[in-house]
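User: I'd like a close look at one part of this model, namely how helices pack on one another and on the sheets in one chain. Could you walk me through it slowly, as you would at the bench?

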Amino acid sequence: MSSTSEVYLDSASSTPLHPAARATLLAALDRGYGDPRRLHAAGRDARLLLDNARAVVAECLGARPDEVGFTASGTDAVHRGLLGLTAASGRDGIVHGAVEHSAVLHAAAWRPSPAHASVPVDALGHVDLSAMATSARASGVGAVALQAANQEVGTLQPVDELDLPAGVPLLVDAAAAVGHVPLPRRWDALAASAHKWGGPAGVGVLVVRRGTRWTNPFPGDDGLDQLGGFPDVPAALAAAAALQAVLAEREEVAARQHALVDRIRAAAAALPDTEVVGDPEARLPHLVTFSCLYVGGDEIVSALARRGFGVASGSACTASTLEPSHVLAAMGALTHGNVRVSLGRETTAEEVEAFCAALADEVGRIRAEAGL
Amino acid sequence: MTTEIDCRDQPCPRPVIELAKALPSVEVGELLAVVARDPAARHDVPAWCRMRGQEYVGEERAADGAPRYVVRRVS
């Protein structure tokens, strides 16, 4: 399937197209070109495909079709969702967990407010729910953002236990969680990203519950039908097909991945001066993060790539800025020597064993070269 | 008397590597400081102390304003 012989262990960054998405995309490319607002045959065909995509995504996410909109990306969905909630309430304040995706932090920074609050997490990455509820009661708060699962360490947040005051809506960023774990049920808006579940890139999903006060915060018409302009109908349909397929196989894939990740967690924990980060049980099934003392994140990622394994890192020297991961920093975890491994639906036990062996070799070699 | 290591212009994880290498040179109970502008050091020096069983004393400023992280050797 892959164009290289690399064992791809970075599905949390982006996932190869699910076979169901690929077949649907190819079929829809020839049909879904029309403008879904037009009344001619091509337009009605595109409308049919778009409505079909919306209905499938709605059913998969536990929503109604008219509550679902397609956006340019998961980041775009978070921005539109969160800023649309605050715009509708007239209160700019956003309360969010300290380990939310940067899309949430950027949305808050874009509309400064004295009511913004970042709620701390414990060493496993769980947000302090009572502190979050208290912050949400401050005047000027227009929305709360809490992720379903953390994108870097995999910790699940107990979203359904959050007790918010009436009139303060909750946006759940479910981008890391969709297709991997059951989703929280108590939310007013939800954001997700198709290329994280095996759909094409360029398709985000914003769901806004009926009855929630939300308005389009950016230029253009109100409503969820054409967020950001002309929709990519074939891609939206492919995203829906992928989601349906992924959910149908979720329990089997997740059980297999959970066991393989346990194996990697044990192998990493057995390395000297290495800390596995995040909740060991209440976690995403396919993702694990660990940090190795005295090892540069760029060094270990490059070394593993040379050995044929593609992984990510939250260390500063591998990021676009000099700042280390805000997630690891908020948890008090070691930020250097960080490796994030996220399995695909087809990752095998043999690949995991080979990865664990290569990891031990390379960490030992890098430390020896550093004189430790 | 605090032993000081100058890692002002060293990228991560060099300040923590130098800290680990210098630890045996100070007596148990004494202070060891590393000066580092690398933003990761603010998180990684306390994390190193936790993982290696040493005491993190706190962050100060060197004379030129660079962050200075102080550690007490306890074992």
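Analyst: Happy to. Let's begin where helix H7 of chain A meets helix H10 (residues 349-369) of chain A: their axes come within 10 Å and cross at roughly 10°. (Helices are DSSP runs of H or I with at least four residues, strands are E runs of at least two, and both are numbered from the N terminus; axes are lines fitted to C-alpha atoms, for helices over the stretch in contact, with angles from 0 to 180 degrees between N-to-C directions.) This is a predicted model, where local features need pLDDT of at least 70 and side-chain atom pairs pLDDT 80 or more, though totals for chains, interfaces and linings use all residues. Residues are numbered from 1 along each chain as its sequence is written, chains are lettered from A and ligands numbered from 1 in written order, and side-chain values use heavy atoms, without hydrogens or water.

At that angle, H7(A) and H10(A) are therefore roughly parallel to each other (under 35 degrees; over 145 is roughly antiparallel, 65 to 115 roughly perpendicular, the rest oblique). On the H7(A) side, A:Leu260, A:Arg263, A:Ile264 and A:Ala267 make the contact; they meet A:Ala349, A:Val352, A:Glu353, A:Phe355 and A:Cys356 of H10(A) (contact: heavy atoms within 4.5 Å). Seven residues of this contact are nonpolar, none is polar and two are charged (nonpolar: Ala, Val, Leu, Ile, Met, Phe, Trp, Tyr, Cys, Pro; charged: Asp, Glu, Lys, Arg; polar: the others, Gly among them).

H7(A), which spans residues 250-269, also has a sheet to deal with: this helix lies across E9, E10 and E12 of chain A and runs at about 5° to E10(A). Those strands form an open, three-stranded sheet in the order E9-E10-E12 (chain A), with antiparallel pairing (strands pair if DSSP finds at least two bridges between them). Its edges are strand E9 (274-277) and strand E12 (338-342) of chain A, each of which pairs on one side only. From one strand to the next, the twist averages 25°. If you look at strand E10 (residues 287-292) of chain A, you will find five bridges joining it to E12(A), with the two running antiparallel. To find one of these bridges on screen, pick A:Val288, whose partner in E12(A) is A:Val341.

Before leaving this corner, have a look at the loop between H7 and E9 of chain A, which is where A:Asp273 sits. A:Asp273 has a positive phi of about 50°, although it is not a glycine.

Now for another helix pair. Helix H2 (residues 41-61) of chain A and helix H6 (residues 233-248) of chain A have axes that come within 9 Å and cross at roughly 30°. That makes H2(A) roughly parallel to H6(A). From H2(A), the contact takes A:Ala46, A:Leu49, A:Leu50, A:Asn52, A:Ala53, A:Val56, A:Val57, A:Cys60 and A:Leu61, and opposite them in H6(A) are A:Val233, A:Ala236, A:Leu237, A:Ala240, A:Leu243, A:Gln244 and A:Leu247. By type, the residues of this contact come out as 14 nonpolar, two polar and no charged.

A third pair crosses at another angle: helix H3 (residues 74-89) of chain A packs on helix H4 (residues 102-110) of chain A at about 45°, with the axes 9 Å apart. That makes H3(A) oblique to H4(A). H3(A) brings A:Thr75, A:Val78, A:His79, A:Leu82 and A:Leu83 to the contact, while H4(A) brings A:Ala103, A:Val104, A:His106, A:Ala107 and A:Trp110. The tally for this contact is seven nonpolar residues, three polar and no charged.

H4(A) leads us on to the other sheet. Seven strands make up this open sheet, in the order E2-E8-E7-E6-E5-E3-E4 (chain A), with mixed pairing. Strand E2 (68-71) and strand E4 (117-119) of chain A stand at the edges with a single partner strand each, so one side of each is left without a neighbour in the sheet. The twist here averages 20° from one strand to the next. For a parallel pair, see strand E6 (residues 170-173) and strand E7 (residues 189-193) of chain A, held by three bridges. There, A:Val172 has A:Leu190 of E7(A) as its bridge partner. As for H4(A), this helix packs on the sheet by touching strand E3 (93-97) and strand E5 (141-147) of chain A, and its direction makes about 160° with that of E3(A).
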